[in-house]
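Subject: A structure for you to explore

Hello,

Here is the structure I promised to pass on to you. Have a look at it first, and then read on for what I found in it.

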Amino acid sequence: MTATSVTRRAILTGGVALGAGLVLGFRLPLDAAAQTAGVFEPNQWLRIDRDGIVTITSSVPEMGQGSMTTMPMVIADELDADWSKIKVEQAPANPKLYANPVTGAQAYGGSRGVRDHLALWRKSAAAARQMLREAAAKEWNVPETEVETEPGVVIHRPSGRTLLYGQLVDKAAQLPVPQNPTLKRKEQFRYMGKEGAAARLDVPMKVDGKAVYGMDVKLPGLLVASIERCPVFGGTVQSFDATAAKAVKGVRQVVKVTNGVAVVADTTWAALNGRRALKVTWDEGPNASLSTARIEHEYARLITQPGKVAKKTGDAEAALAGAGTIIEATYQVPFLEHACMEPMNATAHVTADACHVWAPTQNPGGSQATAARLTGLPVERVSVTTTLLGGGFGRRGEIDFITDAVETSKAAGAPVKVVWTREDDIQHGFYRPATYNVFRAAVDGKGQPAAWFNRIVGGGILIQKGRAPANTVDGAAVSGAADLPYDIPNLQVEWVEKDWGVPLGFWRSVGSSQNAFITESFIDELAHAAKADPYEYRRALLGKAPRHKAVLELAASKAGWGSALPAGVGRGIAVAFSYGSYAAHVAEVSVAPDGGVRVRRIVCAIDCGFPVNLDQIRAQMEGGAVYALTAALYGKITLDHGRVQQSNFHDYPMLRIAEMPKVETHIIDSGEAPGGLGEPGVPPVAPAVTNAIFALTGKRIRTLPIAQALLTS
Amino acid sequence: MISLTVNGQPQQLDVAPEMPLLWAIREPIGLTGTKYGCGIAQCGACTVHLDGAPVRSCIIPMSAAAGKKVTTIEGLDPKSEHPLQRAWIEEQVPQCGYCQSGQIMSAAALLAQKPTPTDADIDAAMAGNICRCGTYQRVRAAIHRAAAMKRGGAR
């Protein structure tokens, strides 16, 4: 970036009206010196050069979900750009320009890419297209209404004249930015919702090794650090002896940082060797005796105590007290770690008057604010480059690895990359809460539910992070349970908070990841108790939830629900809403005599409102199925003596290719507002599988993971 | 000094004999397409070819790589047009992409041995490569597609 453009961007930054949400970019300053000649940049999302190249700035980090392609599809469509002329860049940390207009933060989780930005991106690109048309109309001295566009070119059909976008940039740059441009009609879209219209822009660099992740950042004089962390959550460094570590070839320094003791070296291998030689004495703090056995024992006691009411309709307790038939069940789910393929890492270069961070982060804004706080520098002196992310799943919204890099660089007085090992990653995560859950349902003579009572015991992610008030119901803990879609007259959902001091985090689909499992299993129990077909039983109760019902019906239909299956194969179904979208899954499962579960086929129906990028919707459903199956079949983080007992993929196993079911995705364009996609493909998968296991074997899985539940039954 | 050949280039490295090949490839040599994922040969992100055979470079000490020929993802094809790379693009396989170098290197070793692999062959050859994004369905499709391309006369 040239000095001129830095100056210019600073000016542009000041030009944005904050709080107005959908202000379409900023007027370019008329001071010619402040403009980049030959560039049309009507707002922070796109610029066009004289050679016709459209450079799009994506604010949403690319963690595999395809944001680096889907966002440009939206812009290119409303701009009417030629896809072959599209380039994409990742936005710098600058919340004034790139904050999510809904959350107000430049941080990305909650499947918020398309759904929170679609309207803003469309209008921003439509404004640019209108300015190009206006510029051409002036050039030709014709009414603007006679001027149309084809990809990358403005056309005046009556006279047959054309101008390329690149030929109009200087004139368009002088025009005011229209605030209410006309958007394309859906039938005019070239890319959005079109099959095969736009290939992923990041795929070529991901097949030949050129893609740069956080781990791959290179800088002159870059040092590498590895941090020894207290094995017990909340523990602190009492003392350390760095003599042996410093004697290791290549080790430069050993420094104490917030998250442990950092061994700084010339290379990663030297840092790891130095760390092995380091001796640290820990004050393990109050969690040193924590164990999974104790947690489960305490949960079993807490489940008998009243909780805070998350949802109350009618009077479930009275209905249960007077009921003839009551069905009860208890469900448990474990802590889970995200296990991104790329272990946590970040690079920082702290100097006296500036700080630069390079990081695979879902949270560029939070990274910038964290670095400013740790260095004492104003945020304007902190720049953040978001690299590609080797997986995110919620883990990379945290800022612990940013803290590592900034503190270590500051202490070392050099640019430093802090690299986590896989063991660090699994043992120092932010875990999906382990929960304990009870259900009681009153059913009438036909097996229909008259009352549904559900109490959940577990930690609250939002409360632990200070993002929700203490002593309230944590929304993340009850999502997918409090918003039960079934039409049941008496409903009560309660939550009992128990924080164990285990760091909690947002794990792909968050509360819905476990609550869809428990609720969609229990409704299945009610269906079987009523001797009803589990699909028809749900369907009859979804009268007030038409979008749930539509995906359920589509998944059942495409899966051939009710048709004969081969011997030894069972079928299960589940449906869930999460993050703005509705998903239903049918799973076909076989169980070997030794308890080995094989999921052969998963049929998914997804209603994400208007579907923008069809192939990436399918990719997210395929990926969501694998993420969910891995957890359902194998995922369990356990604790003993305050320590996570798992450490790497040998004891925290992942689904592998031979276990991959055939995943078929069917997309409903409901015409509704866009919903999320990264997360909604996860929640129904585990219950669809366990419901299939029940249909096949009569064994109800009420504790995850499945593999362990089957072995201990 | 340890000598070896990486992507056809002779390399002389002043590194410890016990240093894993992975870190030699990534740091002194500077080829970062080969990834660290687990360090214990469980995930396959570090897969390279050692004298043509697929290995997990995170557990191969430099002493065992000395004098041998290493091929990394960067050396698979001079124009990045290996049938697998083209098939990977056509099937739109990668999501985050972090595991994909290793996936492709394992698949390349498979196709070199078995030009027309069955699904069972793919299961066996790719068993060591974890993908957390869940691209396995497309990995399988892309391997079959690349095999068909090769049969059709592509390199």
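Before we start, one definition: helices here are DSSP runs of H or I with at least four residues, numbered from the N terminus. Please also keep in mind that this is a predicted model.

With that in hand, try helix 2 of chain A, which covers residues 67-79. How far apart should its ends be? At 1.5 Å a residue, taken over one less than the number of residues, its 13 residues should span 18 Å, and the end C-alpha atoms are indeed 18 Å apart, so the two values agree. The helix is mostly covered, with 13 of its 13 residues buried. Just after helix 2 of chain A comes Asp80(A), which takes a positive phi of about 60°.

Now step back to the whole of chain A. The domain assignment gives domain 1 (3-206), domain 2 (214-285 + 344-419) and domain 3 (292-336 + 430-711). The centres of domain 1 and domain 2 of chain A, taken over C-alpha atoms, are separated by 37 Å. Where these two domains touch, 14 residues of domain 1 of chain A are in contact with 19 residues of domain 2 of chain A. On the domain 1 side, the touching residues are made up of nine nonpolar, four polar and one charged.

Next, the nonpolar cores. Which residues touch the most other members of the largest nonpolar core? They are Ala225(A), Val263(A), Val357(A), Ala555(A), Ala632(A), Val685(A) and Val689(A), in a core of 213 residues. Helix 19 of chain A gives the largest share of this core, 10 residues. Val685(A) is a good residue to click on: leaving aside its neighbours within four places in sequence, Val685(A) is in contact with His585(A), Ile602(A), Gly624(A), Ala625(A), Ala628(A), Leu629(A) and Ala632(A). Apart from this core lies another one, of 39 residues, and among them are Ile75(A), Val114(A), Tyr165(A) and Leu168(A).

Let's move on to chain B. Chain B has six helices and five strands, and from the N terminus on its elements run β-β-α-β-β-α-β-α-α-α-α. A compact globule of 155 residues would have a radius of gyration near 15 Å, and chain B has 15 Å, so it agrees with that rule. The C-alpha atoms of chain B fill a box of roughly 45 × 30 × 25 Å along the principal axes. Of its 155 residues, 58% count as buried. Among contacts in chain B between residues at least 6 apart in sequence, 61% join residues at least 24 apart.

Helix 3 of chain B (residues 83-90) makes a nice close-up. Its buried residues include Pro83(B), Leu84(B), Gln85(B), Ala87(B) and Trp88(B). What do the buried residues of helix 3 of chain B pack against? They pack against helix 4 (100-113) and helix 6 (136-151) of chain B. Just after helix 3 of chain B, Gln92(B) takes a positive phi of about 50°.

Finally, the two chains together. 44 residues of chain A are in contact with 43 residues of chain B. On the chain A side, helix 6 (203-206), helix 8 (268-277) and helix 19 (614-633) are the elements that give two or more residues. Helix 19 of chain A provides the largest share, seven residues. This side of chain A divides into 24 nonpolar, 10 polar and 10 charged residues.

Enjoy exploring!

Notes
Residues numbered from 1 in each chain as written. Chains lettered and ligands numbered in written order. Predicted model: local features only at pLDDT ≥ 70, side-chain atom pairs only at ≥ 80, totals over all residues. Domains from an automatic or database assignment. Contact = placed C-beta atoms within 7 Å. Nonpolar A, V, L, I, M, F, W, Y, C, P; charged D, E, K, R; others polar. Buried ≥ 20, exposed ≤ 12 C-beta atoms within 10 Å, placed from the backbone. Rg over C-alpha atoms; globule rule 2.2 N^0.38 Å. Core = buried A, V, L, I, M, F, W, Y, C linked by C-beta atoms within 7 Å.
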